[in-house]
Amino acid sequence: MNISPTLPEDPSPLPSLPPTIGPYKIESLLNRGGMSLLYLGIEPTYHRPVAIKVLSPKLAKNQEVVRRFLQEANVIRMTRHPNIVELFDQGTWEEGLYIAMEWVQGISLRQFIQEQALTHKKGLEIILQVAYALCHLHGHGVIHRDLKPENILITDTSEVKVIDFGIAQLLEEAPQGALRPPQQIIGTPAYMSPEQRENPHTVSFTSDIYSLGIITYELLLGKICHGTPHLFKLPPPFQPWLQKALEPDPELRYQDIVDFIADLGQLLKTTQHTPSTDQDTTLDLWQERIDKERTKLWPHRWPHLPRLEIAAHHLTGTLLFPDLFANTYPLPKEATLTVLAEAASSKNLCLLFFLQGFFEANIPHLSQDPKQMKLTIETWHTKLSQHPVQAPAKGVYLQLLFLYPETDLFFYLGFGTPPL
């Protein structure tokens, strides 16, 4: 889970990597903010990845900072929802406090806006999930106060997760002092409502709705607006809806996220049947075609092999790469060749089809002699090395495993991946 800190990053040298935090084995440092550090850890019982946020040791004696750190854990715990990052654990370790949360494999909505071409329908579906998360938060009396594209993650199955509750506030919470002097900003200026800029300690739910309005505008427009939306750039059906979400006067804005969701639902019904632009129609048609072709990269039935049992499971939602080509090919003398290729982006999908065609064309010509087969695989290595598919920078990763049970031999070949 990548979290962009609201507070400035700490300019001090990076700390050494602790071997463990609480019961979790630490794999790497993911991010460092003004108040905390974010690590990738491994949960010991189920061996699942966990995002571990720790309070910066130099702030451990600051009572207000500690209070807010603990409140973040409490907010996540009491607002369990499919579109909100899940809390696993919280506790203490030798250097202070930690929060263990769900590891979300995905990219931020900011990256999504900058890199993905979306139809208006798909953009609205993403916003609907964020709105559901806000509805759940507001139902528990929680104001996020830092809703922005960096704090919204999109998984490879298009599921939305709202993260980073470091400056969230309970509606009933009376101002008890501040992390910063009142004249300074708490939040991210480009997504803050006018009233939050004036006094971040007295905002209401409508401030989150304003932030969501800015995010919606950026997602529909396909670019970051730096807090200055121009609604005339959007199709007319969206303009009055977003105008109400972005009213400078909070009294004129949507007072309840439920009303925002109701109007969004009506827009989705219209958008489903009437795409906003010719570009939207073209993108939808291409996406349907791509999704249909993608299924051909994964065998519907694995071959029956006398000396080998094959089990394959596509782990939806947790795969590092969204597109896969995989197959096991029977060879002479009960030998087998298993191929696994992964593409980091749908932009590389054509290279997976190239690989599929390459192996299906060359496998019938493999020799029965394992020594000759090894020479053939080495020739493949040369051929593939001359093709851009071999470069990790191109976003395609390839692994081959040849098993020859008659003489207990195996050969392995990998491009851009650690050894199998």
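## A hairpin to start with

Which residue in the turn of the hairpin formed by β12 and β13 has a positive phi? The residue is K333, whose phi is about 55°. Five residues lie between the two strands of this hairpin. Please keep in mind throughout that this is a predicted model.

The strands themselves are β12, residues 323-330, and β13, residues 336-343. They run antiparallel and are joined by eight bridges. Two of the bridge partnerships can be picked out in your viewer: A326 is partnered in β13 by L340, and L324 is partnered in β13 by E342. Strand β12 is mostly covered, with seven of its eight residues buried.

## The sheet around the hairpin

The hairpin belongs to an open sheet of four strands, in the order β12-β13-β14-β15 and with antiparallel pairing. At the edges are β12 and β15 (409-415); each has a single partner strand, so one side of each is left without a neighbour in the sheet. From one strand to the next, the twist averages 5°.

Helix α9, made of residues 349-362, packs on this sheet. The helix touches β12, β13 and β14 (396-404), and its direction makes about 5° with that of β12.

## The chain as a whole

Stepping back, the protein chain has ten helices and 15 strands. Its 420 residues include 46% that count as buried. Among contacts with a separation of 6 or more, 62% are made by residues 24 or more positions apart.

## The six-stranded sheet

Another part of the chain forms an open sheet of six strands, and here the order is β1-β2-β3-β4-β6-β5, again with antiparallel pairing. Its edges are taken by β1 (20-21) and β5 (87-93), each with a single partner strand, so one side of each has no neighbour in the sheet. Helix α1, residues 63-78, packs on the sheet and touches β4, β5 and β6 (96-102). The direction of α1 makes about 25° with that of β6.

Within this sheet, β3 (residues 36-42) pairs with β4 (residues 49-55) in the antiparallel sense, over seven bridges. One residue to look at here is G41, placed in strand β3, whose bridge partner in β4 is V50. G41 counts as buried because its relative accessibility is 0%. Leaving aside neighbours within four places in sequence, G41 is in contact with K25, I26, E27, R48, P49, V50 and I52. One of these, K25, is 16 residues from G41 along the chain, and the C-alpha atoms of the two are separated by 5.3 Å.

## F88 on an edge strand

Is F88 buried or partly exposed? With 28% relative accessibility, F88 counts as partly exposed. This residue is found in strand β5, one of the edge strands of the six-stranded sheet.

Apart from residues up to four places away in sequence, F88 touches R48, V50, A100, M101 and E102. V50 is also among the contacts of G41. F88 and I76 are twelve residues apart in sequence, and their C-alpha atoms are 9.6 Å apart in space.

## Helices α3 and α5

Two packed helices are described by the angle between their axes and the distance between the axes. For α3 (residues 120-139) and α5 (residues 205-221), the axes come within 10 Å and cross at roughly 165°. The two helices are therefore roughly antiparallel to each other, and their crossing is right-handed.

Which residues meet across this pair? From α3 come H120, G123, L124, I126, I127, V130, A131, L134 and H138; from α5 come F205, D208, L212, I215, T216, L219 and L220. Sorted by class, the contact has eleven nonpolar, four polar and one charged residues.

## S207 in helix α5

Helix α5 also holds S207. What does S207 contact, once neighbours within four places in sequence are set aside? The partners are S193, E195, Q196 and R253. S207 has a relative accessible area of 1%, so the residue is buried.

How values were computed:
Residues are numbered from 1 along each chain as its sequence is written. This is a predicted model: local features need pLDDT of at least 70, side-chain atom pairs count only at pLDDT 80 or more; totals for chains, interfaces and linings use all residues. Side-chain values use heavy atoms; hydrogens and water are left out. Two strands pair if DSSP finds at least two bridges between them. Contact means heavy atoms within 4.5 Å. Axes are lines fitted to C-alpha atoms, for helices over the stretch in contact, and angles run from 0 to 180 degrees between N-to-C directions. Angles under 35 degrees count as roughly parallel, over 145 as roughly antiparallel, 65 to 115 as roughly perpendicular and the rest as oblique. A crossing is left-handed if the near helix is turned anticlockwise from the far one by less than a right angle, and right-handed if clockwise. Ala, Val, Leu, Ile, Met, Phe, Trp, Tyr, Cys and Pro count as nonpolar, Asp, Glu, Lys and Arg as charged, and the others, Gly among them, as polar. Buried means under 20% relative accessible area, exposed over 50%, partly exposed in between (1.4 Å probe, protein chains only).
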